[in-house]
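Take a look at the fold below. The walk goes from the sheet to its helices, then to charges and backbone details.

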Amino acid sequence: MPFQGQRILPAAKHMKQLEDILDSSYEYAVFLDTHVAQLRNLYQMARSRNKQMLLHADLVQGLKNDEYAAEYLCQEIKPFGIISTRSGVIATAKKKGILAVQRVFLLDTIALEKSYALVEKTRPDYIEVLPGVVPPMIAEVSERTGIPILAGGLIRTPGDVEAALAAGAAAVTTSNKQLFEHYKR
């Protein structure tokens, strides 16, 4: 079962949220907005608490979002997983044996078709679908690609979480602390 059955992947946007996650029973979580100079210490903190952290590579300040940056992250930081919108970052993560999550934004039909083409090219381990509050699209992307789905973005209530999971999402990524608390193990 993906993420040991954990239905919520809490996402830390700032240090207080990270501290809350580190003090929680969640094993898997996401680093969102970070600075490259903080990464090594943040990962040491997380590992010391037995947390498996995915890193949103596109949101690392001070680091260009390309294959070279991904190679640095994989070799030096060694995150559990990398999330990115960039195909080169996903390909590098996969080559280095790091869980690769392709983030796609479902804005309209054109964006959806471009996302399908990108996913076909990269074959990530997971696809993060944003916004995650469109259950029919979660089901469609899952069925069409055969790749497990994470739902994220605009998920505000337990009902939103349940709808995403019922549509086939493996888990939901969220920075909403009320949802962290609601789904604590």
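What follows is a guided tour of a predicted model.

Start with the sheet. In this model, 8 strands close into a barrel. Their order is β1-β2-β4-β6-β7-β8-β9-β10, and the pairing is parallel. On average, neighbouring strands of this sheet are turned by 25 degrees against each other, direction ignored.

One pair of strands deserves a closer view. Strand β6 covers residues 81–84, and strand β7 covers residues 99–105. The two run parallel and are joined by 4 bridges. Across this pairing, Ser84 stands opposite Gln102 in β7. Likewise, Ile83 stands opposite Val101 in β7. How many of the 7 residues of β7 are buried? The count is 6, so β7 is largely enclosed by the rest of the structure.

Now turn to the helix beside this pair. Helix α4, residues 87–95, packs on the sheet and touches β6 and β7. The direction of α4 makes about 160 degrees with that of β7. Which residues of α4 are buried? They are Ser87, Gly88, Val89, Ile90, Thr92 and Ala93. These buried residues pack against α3 (67–77), β6, β7 and α5 (109–122).

Thr92 serves as an example from helix α4. Its relative accessibility is 7%, so Thr92 counts as buried. The cut-off for buried is under 20%. Beyond residues up to four places away in sequence, Thr92 touches Glu67, Ala70, Glu71 and Cys74. A helix has a simple periodicity. An α-helix has 3.6 residues a turn, so residues three or four places apart point the same way. Just after α4, Gly97 takes a positive phi of about 80 degrees.

Next, follow strand β4, residues 52–56, where Met53 is found. Met53 has 1% relative accessibility, so this residue counts as buried. What does Met53 contact, leaving aside neighbours within four places in sequence? The contacts are Leu18, Ala29, Val30, Phe31, Tyr43, Ala46, Pro79, Phe80 and Gly81. Take Pro79 from that list. Met53 and Pro79 are 26 residues apart in sequence, yet their C-alpha atoms are 6.1 Å apart in space.

Leu18, one of the contacts of Met53, leads to helix α1. This helix spans residues 15–22, and Gln17, Leu18, Asp20, Ile21 and Leu22 are buried in it. The buried residues of α1 pack against β1 (8–12), β2 (28–31), α2 (39–48), β4 and α8 (177–182).

Charges come next. Side chains of opposite charge can pair when their charged atoms come close. The structure holds 10 salt bridges. In one of them, the side chains of Lys177 and Asp20 meet at 3.2 Å, N to O. This pair links distant parts of the chain: Lys177 is in helix α8, Asp20 is in helix α1, and they are 157 residues apart. Lys177 counts as partly exposed because its relative accessibility is 37%. Asp20 counts as buried because its relative accessibility is 19%.

A second salt bridge joins Arg103 and Glu128, with the closest N and O atoms 2.7 Å apart. This one also links distant parts of the chain: Arg103 is in strand β7, Glu128 is in strand β8, and 25 residues separate them. Are these two residues buried or exposed? Both Arg103 and Glu128 are buried.

A third salt bridge pairs Arg123 with Glu120, the closest N and O atoms being 3.7 Å apart. Arg123 is partly exposed, at 37% relative accessible area. Glu120 is exposed, at 54%. Elsewhere, salt bridges that share partners join Lys16, Asp20 and Lys177 into one network.

Finish with the surface and the backbone. Val133, Val134 and Leu154 form a nonpolar patch on the surface, with about 210 Å² of accessible area together. Leu154 sits in the loop between β9 (149–152) and α7 (158–166). With a relative accessible area of 53%, Leu154 is exposed.

A cis peptide bond joins Leu130 and Pro131, with omega about -5 degrees. Pro131 belongs to the loop between β8 (126–130) and α6 (135–145).

Two residues other than glycine show positive phi. Gln4 has a phi of about 55 degrees although it is not a glycine. Gln4 lies in the segment before β1 and is exposed, with a relative accessible area of 52%. Lys78, also not a glycine, has a positive phi near 55 degrees. Lys78 lies in the loop between α3 and β6.

Definitions and conventions: Residues are numbered from 1 along each chain as its sequence is written. This is a predicted model: local features need pLDDT of at least 70, side-chain atom pairs count only at pLDDT 80 or more; totals for chains, interfaces and linings use all residues. Side-chain values use heavy atoms; hydrogens and water are left out. Patches are made of residues with over 30% relative accessible area and no salt bridge: like charges are joined within 9 Å, nonpolar side chains (Val, Leu, Ile, Met, Phe, Trp, Tyr) within 5 Å. Accessible areas come from the Shrake-Rupley method with a 1.4 Å probe; for residues, only the protein chains shown count as cover. A salt bridge is a side-chain nitrogen of Lys or Arg within 4 Å of a carboxyl oxygen of Asp or Glu. Buried means under 20% relative accessible area, exposed over 50%, partly exposed in between (1.4 Å probe, protein chains only). Two strands pair if DSSP finds at least two bridges between them. Axes are lines fitted to C-alpha atoms, for helices over the stretch in contact, and angles run from 0 to 180 degrees between N-to-C directions. Contact means heavy atoms within 4.5 Å.
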